[in-house]
Amino acid sequence: MKIEALKKRLDRNRPMTSVTIRMPEDVIEDLKRVAPLLGFSGYQPLIRAYVGQGLRVDLERLESETVTTLVKSLKRRGVSDAVIEEALGEVAHATSD
């Protein structure tokens, strides 16, 4: 994930919306039991953490798959490995700034 996007994700004051979701009562009870043991103030922050963690993993995977697909496409079109590596290096450097 790009640094700027990550900074926005870490902003506690970003706009929020409510979501209603039906979950089994036993799952809620487990969340309530586990949350304080993991340092959360309640089960809802724990759910947000679980969703955020899973979402970041999926976003990273999808971004990686997109880059991999692009590299394969460029290679099929005759772009050399050296040019591709140079471009990937530039992108990696630009996202870390």
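Trainee: Why is Asp81 called partly exposed?

Mentor: Its relative accessibility is 47%, and the class runs between buried (under 20% relative accessible area) and exposed (over 50%), with a 1.4 Å probe and protein chains only. Asp81 is therefore partly exposed. The model is predicted, so local features need pLDDT of at least 70 and side-chain atom pairs pLDDT 80 or more, whereas totals for chains, interfaces and linings use all residues. Residues are numbered from 1 along each chain as its sequence is written, and side-chain values use heavy atoms, without hydrogens or water.

Trainee: What makes the pairing of Lys75 and Asp81 a salt bridge?

Mentor: The N to O distance is 3.5 Å, and the term requires a side-chain nitrogen of Lys or Arg within 4 Å of a carboxyl oxygen of Asp or Glu. The pair therefore qualifies. Lys75, at 44% relative accessibility, is likewise partly exposed.

Trainee: Which residues are joined into one network by salt bridges that share partners?

Mentor: Asp58, Arg61 and Glu65 are joined in this way. Within the network, the side chains of Arg61 and Glu65 meet at 3.1 Å, N to O. Arg61 has a relative accessible area of 42% and Glu65 one of 38%, so each is partly exposed.

Trainee: How do you know that Arg61 and Glu65 are separated by about one helical turn?

Mentor: Both belong to helix 3 (helices being DSSP runs of H or I, at least four residues, numbered from the N terminus), and they are four residues apart, which means about one turn.

Trainee: What makes Lys32 and Glu29 a salt bridge?

Mentor: Their closest N and O atoms are 3.8 Å apart, so the pair satisfies the distance limit. Both residues lie in helix 2, three residues apart. The structure holds five salt bridges.

Trainee: Why are helix 2 and helix 3 called roughly perpendicular?

Mentor: They pack at about 95 degrees, with their axes 8 Å apart. Roughly perpendicular covers 65 to 115 degrees, between N-to-C directions of axes fitted to C-alpha atoms, and the two helices therefore receive that description. Ile28, Leu31, Lys32, Val34 and Ala35 of helix 2 make the contact (heavy atoms within 4.5 Å) with Tyr43, Leu46, Ile47 and Tyr50 of helix 3.

Trainee: Why does Ile21 count as exposed?

Mentor: Its relative accessibility is 62%, so Ile21 passes the limit for exposed. Ile21 is found in the loop between helix 1 (3–10) and helix 2 (25–37). Together with Val19 and Met23, Ile21 forms a nonpolar surface patch with about 310 Å² of accessible area; members of a patch have over 30% relative accessible area and no salt bridge, and nonpolar side chains are joined within 5 Å.

How values were computed: Patches are made of residues with over 30% relative accessible area and no salt bridge: like charges are joined within 9 Å, nonpolar side chains (Val, Leu, Ile, Met, Phe, Trp, Tyr) within 5 Å. Accessible areas come from the Shrake-Rupley method with a 1.4 Å probe; for residues, only the protein chains shown count as cover. Axes are lines fitted to C-alpha atoms, for helices over the stretch in contact, and angles run from 0 to 180 degrees between N-to-C directions. Angles under 35 degrees count as roughly parallel, over 145 as roughly antiparallel, 65 to 115 as roughly perpendicular and the rest as oblique.
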